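Reader: I am new to this structure and would like a close look at a single part of it, the part where a record places something worth examining. Please go through it slowly, and then set it within the whole.

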Amino acid sequence: MLQVKTFHIEDKIRKVHKEAQRTRQSLLLSVTEKIEGMDPFAFFESGKQIDEHRHFWKSADEDFTLVGISSAVSITKEGEDRFPAMEKDLLGWMNRVRSWNPSDKKGTGAVALGGFGFCEVSVAGEPWETFPNSNMTIPKFLLTNDREGSYLTTNLLLTPEEDVEEISMSVEEEKERLLHPVEEEGVSVRLEEIEEVRPEEWKQTIAEATEDLTKGSLRKVVLAREVRLTFDAPASITKVLQDLSEMQNASYVFCYEHGGAYFVGATPERLVKVEHDELFSACLAGTTLRGDTEDEDDELGDELLQDEKNRVEHDYVVQMIRSAVEQYAEEVDVPEGPSLYKLRNLQHLYTPVKARLKEGYSLLDVVKDLHPTPALGGLPQQEAVEYIKNHEEMNRGWYASPIGWIDGGRNGEFAVAIRSALLHDNKASLFAGCGVVESSDPESEYEETMVKFKPMLAVLGGKE
Ligand SMILES: C=C(O[C@@H]1C=C(C(=O)O)C=C[C@H]1O)C(=O)O
Ligand SMILES: [Mg+2]
């Protein structure tokens, strides 16, 4: 068993509670301590006993994992102004944080984790009933792991009416439970049924879209479909996250839990990352398979780099991201042409974007304008979103939407939630889409979605 040195936070609770009483407002106490190396999966698993509102985020390109358990503050928004409204509430809370954070590392302290549904207003109904349109949560307990070790932040909302004794006792007890988890082997479930939702109709929609693209001003539209799975028992989410992390090491691994449903995935696609004033975005669109041998793999990659249809599909993304980022940033650096981003099951065309965020702009300003990029929506942006709403027979919910985290020190990152699934009870809905351009062929786009289902299928008992 791990020997973890923790300290008592009762004194700090008392101090901040006094201020809350004096100023007649709720304050957010945030205490961060370095702890002995903690396994993020064990922490996630033991968090289940405390609250079924958990968050998991693992970066695709650095040793950086966040696990949030329960919530100190949970903000839910919907509607056209959801990004600025979320930002305003978050800033309000950041001003009421009373923080003890000696290391002051990125991703520690009062960090908010969450996401924004694909559309500004949610579509009612299956399978997203328990998910709010948008939610950012400052967890009560946050584990931050980076290459230097593990940090535990305890965030406590202290109202003037709070019972200090009671809250101190329960926090210590919950911390103990989280830091000394009982080792449990996650069991694999048996996949009993796979149902592709109306595949022939989907191909027909793609065929119609290629027609529509020749007529008006719409240049590209991303259309998605769903595959439903049934298991013999509810899947172990911790095991799913563990397997995804192992198999998809060039992807962000994530999980959001709302009302007994879990949105889980392994996405390779960064939307935007900010570190102080440095900004990073990525254009990822255009897809082919991996080869069985190195030669075959190189050949497929070269073909993708030369392929007219995929280059067009990719270039729309580059054009749009470049011009959106230019509004908020200087020194925008975009390479001339794409390179390859290789994943376990497929390879994509990839163009990284680097820039310097101008004073006065925030991560959420950029997210608001970028979402959805033509990699998930289409071009022009609003016309594509309308097209999706009218033609795609699927409730996107949080699929293809911005998910991520923000801290109080101008750091944060959002990815787009693709290669993902919504799990509830003994069922799962898997989502995958493709960028449709004028020269798209419905059968090849169908095959492309088939490969994009593989990362989730493989960890849910399906074939790779
Ligand atoms: C829409 C998805 O992926 C997007 C579409 C791609 C394409 O069509 O080539 C490639 C990467 C992603 O931007 C998905 O995986 O569901
Ligand atoms: Mg494609």
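Author: A residue is called buried here if 20 or more other C-beta atoms lie within 10 Å of its own. By that criterion Glu-269 is buried, because 23 other C-beta atoms lie within 10 Å. The model in front of you is predicted, and what follows should be read with that in mind.

Glu-269 is a fitting place to begin, since UniProt, in an unreviewed entry, lists Lys-220 and Glu-269 under "active site". In the model, Glu-269 sits in the loop that runs between strand E13 (261-267) and strand E14 (270-275). Once residues up to four places away in sequence are set aside, Glu-269 touches Ala-282, Leu-284, Ala-375, Ala-415, Val-416 and Ile-418. Two of these names, Ala-375 and Ile-418, return when we come to the ligand, where they are among the residues that come nearest to ligand 1.

The other listed residue, Lys-220, lies in strand E11. Lys-220 also counts as buried, because it has 25 C-beta neighbours inside 10 Å. Leaving aside its neighbours within four places in sequence, Lys-220 is in contact with Glu-313, Tyr-316, Pro-374, Gly-378, Leu-379, Gly-435, Val-436 and Val-437. Of these partners, Gly-435 is also one of the residues that come nearest to ligand 1.

The ligand can now be added to the picture. Around ligand 1 there are 19 residues, and those that come nearest are Thr-287, Ala-375, Ile-418, Gly-433 and Gly-435. Strand E11 (220-231), the strand of Lys-220, supplies at least two residues of this shell, as do strand E15 (278-289) and strand E23 (427-436). By residue type, the shell consists of 10 nonpolar, 5 polar and 4 charged residues.

Beside Ile-418 in the sequence is Arg-419, which has an unusual backbone feature to note: its phi is near 50°, a positive value in a residue other than glycine. Arg-419 is found in the loop between strand E21 (411-416) and strand E22 (420-424), and it counts as buried because 28 C-beta neighbours lie inside 10 Å. Ala-400 offers a similar case, with a positive phi of about 65° although it is not a glycine. Ala-400 lies in the loop between helix H10 (381-391) and strand E20 (402-406), and with 26 other C-beta atoms within 10 Å it is therefore buried as well. A further backbone detail is the cis peptide bond from His-371 to Pro-372, with omega near -10°, where Pro-372 belongs to the loop between helix H9 (363-370) and strand E19 (378-379).

Stepping back, the unreviewed UniProt entry gives residues 199-452 as "domain: Chorismate-utilising enzyme C-terminal". Over those residues the chain is 36% helix and 37% strand, and the end C-alpha atoms are 15 Å apart. The domain assignment of the chain draws its bounds in another way, giving domain 1 (10-179) and domain 2 (191-239 + 268-459). The centres of the two domains, taken over C-alpha atoms, are separated by 28 Å, and 30 residues of domain 1 are in contact with 27 residues of domain 2. On the domain 1 side of this meeting, H2, helix H3 (82-94) and strand E6 (112-116) each supply at least two residues, with H3 giving the largest share, 5 residues. That side divides into 21 nonpolar, 5 polar and 4 charged residues.

Helix H2 (residues 40-47) holds Ala-42, which is buried because 21 other C-beta atoms lie within 10 Å. The C-alpha atoms of Ala-42 and Gly-265 are 18 Å apart, although 223 residues separate them along the chain.

The chain as a whole contains 12 helices and 23 strands. Its radius of gyration is 22 Å, close to the 23 Å that the globule rule gives for 464 residues, so the chain is as compact as a globular protein of that length. Buried residues, a group that includes Lys-220 and Glu-269, make up 49% of the 464 residues. Finally, among contacts between residues at least 6 apart in sequence, 76% join residues at least 24 apart.

Methods:
Residues are numbered from 1 along each chain as its sequence is written. Chains are lettered from A and ligands numbered from 1 in the order in which they are written. This is a predicted model: local features need pLDDT of at least 70, side-chain atom pairs count only at pLDDT 80 or more; totals for chains, interfaces and linings use all residues. A residue is near a molecule or strand if its C-beta atom, placed from the backbone, lies within 6 Å of it. Helices (H or I, at least four residues) and strands (E, at least two) are DSSP runs, numbered from the N terminus. Ala, Val, Leu, Ile, Met, Phe, Trp, Tyr, Cys and Pro count as nonpolar, Asp, Glu, Lys and Arg as charged, and the others, Gly among them, as polar. UniProt positions are given in the numbering used here, feature names are shortened, and annotations may be inferred rather than shown by experiment. A residue is buried if 20 or more other C-beta atoms lie within 10 Å of its own, exposed if 12 or fewer, and partly exposed in between; C-beta atoms are placed from the backbone. Two residues are in contact if their C-beta atoms, placed from the backbone, lie within 7 Å. Domain bounds come from an automatic or database domain assignment. The radius of gyration is taken over C-alpha atoms; the globule rule is 2.2 Å times the number of residues to the power 0.38.
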